[in-house]
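Visitor: I am new to this structure. Please pick one part, take a close look at it, and lead me on from there.

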Amino acid sequence: MNRQTQKRLLGAAALVVAAVIWQIVAVYIVGRSFILPSVTDVAEAFVNLLGSGTLLTDAVVSLEHFGIGLIAALLLGVPIGILMGWFRVADFLLDPIIEILRPIPPLAWIPFAIIWFGLTTQAAGFVIFAGAFFPILTATYSAFRSVPKVFVEAGKVLGCDTSFELIRYVALPAALPAIASGIRIAMGVGWMCLVAAEMFGVSNYGLGYQLWHNYYLHQMPNVVVYMLILGFVGLAIDRIFRNYVDARLLRWHAGEVA
Amino acid sequence: MSGVTIRDLSKAFPRGDGTVTQALENVNLEIGDTEFICLVGPSGCGKTTLLRIIAGLETATSGSVTIDGRAVTGPDPKRGMVFQEYSLFPWRKVVDNVAFGLEMKGVGKAERRKTADRYIEMVGLSQFRDAYPFELSGGMRQRVAIARALANDPDVLLMDEPFGALDAQTRNRMQKELLSLWEQTKKTIVFVTHSVDEAVYLSTRIVVLSPRPGSVREVIPIPWQHPRDRTSTEFADVRRKVLRMIDETENAQ
Ligand SMILES: Nc1ncnc2c1ncn2[C@@H]1O[C@H](COP(=O)(O)OP(=O)(O)OP(=O)(O)O)[C@@H](O)[C@H]1O
Ligand SMILES: [Mg+2]
C-alpha cells in the first residue's frame, strides 16, 4: 500500500468514525433534531432539497454575489496596489486613507451597502468586495515593493524605457506569485462574508440566504445541509484556483521556491 | 560603434551613519571604438560600480561618462550589460529571456525567436531553449544572460565577470566565441574579470584598478592578434607582469 492510498483510507476511516459518533450523540444523547440534527436527518434533508430543485439556483446566485465582489476587488485592488507599490507619490498619498479604511470589518459596511445599492445583487457584491479588496491590495503592494532590483535593472538595460513597460514586462510577472496568494486569501475572506451579505434579503435565493431562511423556519437539518455546501463550494473554489495558478500561470515558480 | 570617455569620475555611496564609502576616485579612461578592455583589480575596488555608471544604472558623484560625445544619463539598450549576479527573468523560458530586448524593440514573435535561437546556439544551449531558468545550472544561466545581452545587438557590451561561474573548458570555449563575435560585430567591450590569464587572452588593453577607492593604476596594451597562444613565453611574461602590478597595488595600500 503506498502513501497516497494509505492517506486516503485513513482519512475516509476517520470521516466514517466522526459521522458515527455524530449520529450516536445526536440520537441517543441530545435526542432533539432542532438542537443537533443527526447524520440521517441531514442526509434526508439533502435528498429532499435536491428534489425541490433550488440547490443549483442557490449556488449560482451565491457565486454571482461572490463573483461581483471578487472581480470588483481585483479590478480596483490590483491597479491601486501596483500604483502604490511602484510610485512613491501614490504610496504617500493613498497610504493614510487605506490605513484608516482597512481595519473596518467588512460586515460593518452592510448598512451603507443597503443605502447605496438597495436590496440588490450589487449590495451583496459590495460586502464581499469590502472583504476581498484589502487582502488583494496589500498583497499586490508588498509584492511590488519586493521585486528584486536586478530584474528591474535588467529590464532597463534591455530597453524597457517607460514605467508602463517595466511594470508590464518585469514587475508584474515577478510579483504574480505573491499576488496570487493574496487573491487566494481574498477569496477565503470574501466567501466568509457571503452568508452575512445574503442575510439581509438581497435575494430569495443563495446559499447564505437559504441558511438564514431555514433557520427562521426552524429547519435545522436544512441549515446543516447549507453549511456543508458552503464549505464544499468554498473548498472547490480554492482548489480550482490553486491548480490553475500552479499549473498554468506559475509553472516557473514551483522550481524557484523550497 | 562607440568609444567611451570617462573623465574625473568619482562615486561615493552614503552610509547610514552619515559617512560615505568612496568607491571610485578620479577615474580617467579613454576607451576607443571596437576596443576590448579588461578591468582587473581587487575585490571591492569599484569594478561593478564603474560598469553600472557606464550602463547608466548609477549616477556618478562627480565627473562624467560620455559615449561618442554624448553624456550618459540613464540606461539604454545600446549599452548591454551582463550582470555579476543572477539576473535572468525566472518566469520566461530561455528563448523568451534571450528575445526580451527584441520584444521591447517591437520585433515580431517569429523573427525575434529566430534571432534568439541563433544566440542560444552560440552559447551551446539549443537543447534548453524551452527550459525555465530554474532548470539550468549556474554556468548555463550565465551563458543565457550573455546571449540575452548579445541578442539586443548593443554597441557597447559591459560584462561583469561573466565567465566566473564556468568550468575551465566551457570558459575557454566561451572566450573564443566572444572573441569571434567581437571580431565579427566590432563591438566595444568592457569586461571585468578576476583572471589575469583571461584578461591577457582577451583584451586589447588591461586596465588595473587600485584598491578602494578605485582609480586607474595602470593601463597595459596587449597588441597581439587573436587567437593568442596561452603557452607562449610572451604570454607568460605579460601575465607575470600584470600579476606583479596587482600585487604592488595591493601592497601599496
Ligand atoms: N549600492 C551600494 N551602496 C553602498 N555601497 C556600495 C553599493 N554598491 C557598492 N558599494 C560599495 O562600493 C565598493 C565597490 O563595490 P563594487 O561592487 O563596485 O566592487 P567590485 O570591484 O565589483 O568587487 P567584486 O570584485 O567583489 O565584485 C564596495 O566597498 C561596496 O561596499
Ligand atoms: Mg563586482
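**A helix and its cover**

Guide: The buried residues of α7(A) are covered by elements of both chains: from chain A these include α3 (55-86) and α8 (163-197), and from chain B α1, β6, α3 (100-104) and α5 (138-151). Keep in mind that this is a predicted model.

Which residues of α7(A) are buried? They are V150(A), F151(A), V152(A), E153(A), A154(A), G155(A) and V157(A). The helix spans residues 149-157 of chain A. With 7 of its 9 residues buried, it is largely enclosed by the rest of the structure. Just past the helix comes G159(A), with a positive phi of about 115°.

Now cross to chain B at the end of this helix. N152(B) sits in the loop that joins α5 to β7 (156-160) of chain B. What does N152(B) contact, beyond its neighbours within four places in sequence? On chain A, the partners are V157(A) and L158(A). On chain B, they are P77(B), G101(B), L102(B) and K105(B). V157(A) is one of the buried residues of α7(A). The side chain of N152(B) also reaches the backbone oxygen of L158(A), at 3.4 Å. Is N152(B) buried or exposed? Its relative accessible area is 2%. Buried means under 20%, so N152(B) is buried.

D153(B) belongs to the loop between α5 and β7 of chain B. Its phi is near 50°, a positive value in a residue other than glycine. D153(B) has a relative accessible area of 49% and is partly exposed. N152(B), by contrast, is buried.

**From the cover to the ligand**

Go back to the list of covering elements. Among them are α1 and β6 of chain B. Follow α1(B) first. It runs over residues 47-55. Which element gives the most to the shell around ligand 1? That is α1(B), with 3 residues. So one helix of chain B has two roles here: α1(B) helps to cover α7(A), and α1(B) also adds to the ligand shell. β2 (20-31) of chain B, like α1(B), supplies at least two residues of that shell.

The shell holds 14 residues, and those nearest to ligand 1 are S43(B), G44(B), K47(B), T48(B) and T49(B). By type, the shell has 3 nonpolar, 8 polar and 3 charged residues.

Look at the short distances next. A polar side-chain atom of T49(B) is 2.5 Å from an oxygen atom of ligand 1. For the side chain of Q84(B), an N or O atom lies 3.0 Å from an oxygen atom of ligand 1. C45(B) takes part with its backbone: one of its polar backbone atoms is 3.2 Å from an oxygen atom of the ligand. On its own, ligand 1 has 640 Å² of accessible area, and the protein covers 67% of this.

**The magnesium ion**

Which residues coordinate the magnesium ion, ligand 2? T48(B) does so through OG1 and Q84(B) through OE1, at 1.9 to 2.3 Å. T48(B) is in helix α1 of chain B, while Q84(B) is in the loop between β6 (79-82) and α2 (94-98) of chain B, so the pair ties together parts that are 36 residues apart in sequence. Both residues are partly exposed. T48(B) has a relative accessible area of 26%. For Q84(B) the value is 39%.

This brings the path back to its start. The metal residue T48(B) lies in α1(B), and α1(B) is among the elements that cover α7(A). β6(B) is also part of that cover, and the loop that holds Q84(B) runs between β6 and α2 of chain B.

**Two more stops**

In chain A, G234(A) is placed in helix α10 (residues 220-249). Its relative accessibility is 18%, so it counts as buried. The C-alpha atoms of G234(A) and M192(A) are 8.8 Å apart, although 42 residues separate the two along the chain.

In chain B, two peptide bonds are cis. One runs from R212(B) to P213(B), with omega near -5°. P213(B) lies in the loop between β9 (205-209) and β10 (216-221). Another runs from H226(B) to P227(B), also with omega near -5°. P227(B) lies in the loop between β10 and α8 (233-252) of chain B.

Terms used:
Residues are numbered from 1 along each chain as its sequence is written. Chains are lettered from A and ligands numbered from 1 in the order in which they are written. This is a predicted model: local features need pLDDT of at least 70, side-chain atom pairs count only at pLDDT 80 or more; totals for chains, interfaces and linings use all residues. Side-chain values use heavy atoms; hydrogens and water are left out. A residue is near a molecule or strand if one of its heavy atoms lies within 4 Å of it. A polar contact is a pair of N or O atoms within 3.5 Å; within protein, one must be able to donate a hydrogen and the other to accept it, and residues adjacent in sequence count only if both atoms are side-chain atoms. Accessible areas come from the Shrake-Rupley method with a 1.4 Å probe; for residues, only the protein chains shown count as cover. Helices (H or I, at least four residues) and strands (E, at least two) are DSSP runs, numbered from the N terminus. Ala, Val, Leu, Ile, Met, Phe, Trp, Tyr, Cys and Pro count as nonpolar, Asp, Glu, Lys and Arg as charged, and the others, Gly among them, as polar. Donors are N, O and S atoms within 2.8 Å of the metal (3.2 Å for Na, K and Ca); water is not among the atoms, so sites may look incomplete. Buried means under 20% relative accessible area, exposed over 50%, partly exposed in between (1.4 Å probe, protein chains only). Contact means heavy atoms within 4.5 Å.
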